[in-house]
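User: Please take a close look at how the two protein chains of this model are related and how they meet. I would welcome one connected account that then follows the chains to the nucleic acid and into the helix packing.

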There are 2 protein chains.
Amino acid sequence: MPRKPNFDRNDLIERARDLFWQRGWSGTSLKDLEAVLQMKPGSFYAAFGSKDALFELAMQKYVADGSARLQELASKDGPLEALKRWPALAVENETSPAKACMLSKTLLELHAHNHPLAEQANLHLLKMEEQFADLFRQAQMAGDIDKSHDPQVLARRYQSDLLGLRVSAERDGINAQAIAKEIADGLSRL
Amino acid sequence: MPRKPNFDRNDLIERARDLFWQRGWSGTSLKDLEAVLQMKPGSFYAAFGSKDALFELAMQKYVADGSARLQELASKDGPLEALKRWPALAVENETSPAKACMLSKTLLELHAHNHPLAEQANLHLLKMEEQFADLFRQAQMAGDIDKSHDPQVLARRYQSDLLGLRVSAERDGINAQAIAKEIADGLSRL
DNA sequence: GCCTTTCTTGAGCGATCACTCAAGTATATA
DNA sequence: TATATACTTGAGTGATCGCTCAAGAAAGGC
């Protein structure tokens, strides 16, 4: 049999995710990708098919990694504590490609053009919201949150607050950690 | 003396604002603008200088109009009531070019490229935040909000929540009015 | 009427966009 | 070692990007 590709596909997708996350869809050119991935156009298209196809892979990795990190946090510290710590974690990482959520950036950029990637981003956001709802449910079962609240409603509001926080964190001169703390404190009052 | 331009400059800026607001900076081409403004390239560049210059004018109009509408609401119903009604108003208008805030869309799209328009958007957001803080202050003077709160802190959180709401409203299948109501209810508990 | 001043027109500029493909190169099997 | 089977290369595709500019058209003042 023949030659093997001399790259680590997973590593390439991660690097593409970081570039797309930071610069957005139209802000990332094939030239940018070729530079970061160290690939010529021919190899790129043989490996991924199109810029859009790679973007979708990048979003999937973004969601899978984030989801796993939240789940791990919940396993370690419990569901409520995970939900309370998550906003600060989302915003504190100095090395992350951007503070704002990649899914919301994609949605805002491409929704007006009815681009399929905007629809995909929305679906991924729905999945994240469902994970939040699960954690709220678990926190209720553990007696940490009053059972009078609807977990879906809590999750919807929580995600909205999180998206706002992460837009704010993208700004210069905004104390995002302070907002993150307020969101966490709000959960204590449920 | 000579010929007058046969267009209403203010009207052109409004149409450009709607287009930019909906499609974003890189999502709006000169061709799009020429079509909507009914201008050939020569006239366009004679009138506005560049795409970026028109975008800045569009943002200024966006902020001026929004700011005036909020101020009018406050004059009519009082500062606290204005702050409580504002989220629902921002999200209910079916004819608006987009649900998300034009400033946050611009910031997210252009911040990574250090584009001057991202910096401008941030400054406009700061001005809006200051207006919110003023209204919170006035509500405290009127005795509608406990004086133990810092108006700047309230405004920062309020704006973050508003940005999150408006990103959520851009999504399909999200009940943004419900989130708006929760934000308003939160203000009642201050 | 004419002249001056401005606005309008639209072909077309160089640069960049996402993407293609034929030719060359490396590797596993026979 | 020979062959088959990928992977890699990079010049080049047509389309579109923001923008320019010379020529023509319109509306004052005289």
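Analyst: In this predicted model, chain B is superposed on chain A by a rotation of 180° with 0.0 Å of shift along its axis, at an RMSD of 0.0 Å (a least-squares fit on the C-alpha atoms of residues with pLDDT of at least 70 in both copies). That is therefore the relation of a two-fold axis. Within chain B, the C-alpha nearest the axis belongs to B:Gly164, 1.7 Å from it. The same surface serves both copies, as 100% of the contact residues of chain B recur in chain A; two residues are in contact if their C-beta atoms, placed from the backbone, lie within 7 Å.

As to conventions, residues are numbered from 1 along each chain as its sequence is written, while chains are lettered from A and ligands numbered from 1 in the order in which they are written. The model being predicted, local features need pLDDT of at least 70 and side-chain atom pairs count only at pLDDT 80 or more, whereas totals for chains, interfaces and linings use all residues.

The contact between the chains draws 31 residues from chain B and 31 residues from chain A. On the side of chain B that touches chain A, the elements giving two or more residues are α1 (9–23), α6 (102–110), α7 (116–141), α8 (151–170) and α9 (176–188) of chain B. Helices here are DSSP runs of H or I with at least four residues, strands are E runs of at least two, and both are numbered from the N terminus. The most is given by α8(B), with 10 residues. Sorted by class, this side of chain B has 10 nonpolar, 11 polar and 10 charged residues; Ala, Val, Leu, Ile, Met, Phe, Trp, Tyr, Cys and Pro count as nonpolar, Asp, Glu, Lys and Arg as charged, and the others, Gly among them, as polar.

Both chains also contribute to the surface near DNA strand C: α2 (30–37) and α3 (41–48) of chain A, together with α3 (41–48) of chain B, each supply at least two of its residues. A residue is near a strand if its C-beta atom, placed from the backbone, lies within 6 Å of it. Of the 23 residues around DNA strand C, those that come nearest are A:Ser29, A:Pro41, A:Gly42, B:Pro2 and B:Gly42. Here α3(B) gives the most, with 4 residues, and the classes amount to 10 nonpolar, 6 polar and 7 charged residues.

The loop between α2 and α3 of chain A holds A:Gln38, whose phi is near 55°, a positive value in a residue other than glycine. A:Gln38 counts as exposed because it has 11 C-beta neighbours inside 10 Å; exposed means 12 or fewer other C-beta atoms within 10 Å of the residue's own, buried means 20 or more, and partly exposed lies in between, with C-beta atoms placed from the backbone. In chain B, B:Gln38 lies in the loop between α2 (30–37) and α3, also with a positive phi near 55°, and B:Gln38 is exposed with 12 such neighbours.

The fold of chain A consists of 9 helices and 0 strands. Of its 190 residues, 44% count as buried, and its C-alpha trace spans about 60 × 45 × 30 Å along the principal axes. Among contacts in chain A with a separation of 6 or more, 63% come from residues 24 or more positions apart.

Two helix pairs illustrate the packing. Helix α1 (residues 9–23) of chain A packs against helix α4 (residues 51–77) of chain A at about 95°, with their axes 8 Å apart; axes are lines fitted to C-alpha atoms over the stretch in contact, and angles run from 0 to 180 degrees between N-to-C directions. α1(A) is thus roughly perpendicular to α4(A), where 65 to 115 degrees is roughly perpendicular, under 35 roughly parallel, over 145 roughly antiparallel and the rest oblique. This contact has 9 nonpolar, no polar and 3 charged residues. Helix α5 (residues 79–92) of chain A and helix α7 (residues 116–141) of chain A pack at about 135°, with their axes 8 Å apart, which makes α5(A) oblique to α7(A). Their contact has 6 nonpolar, 1 polar and no charged residues.
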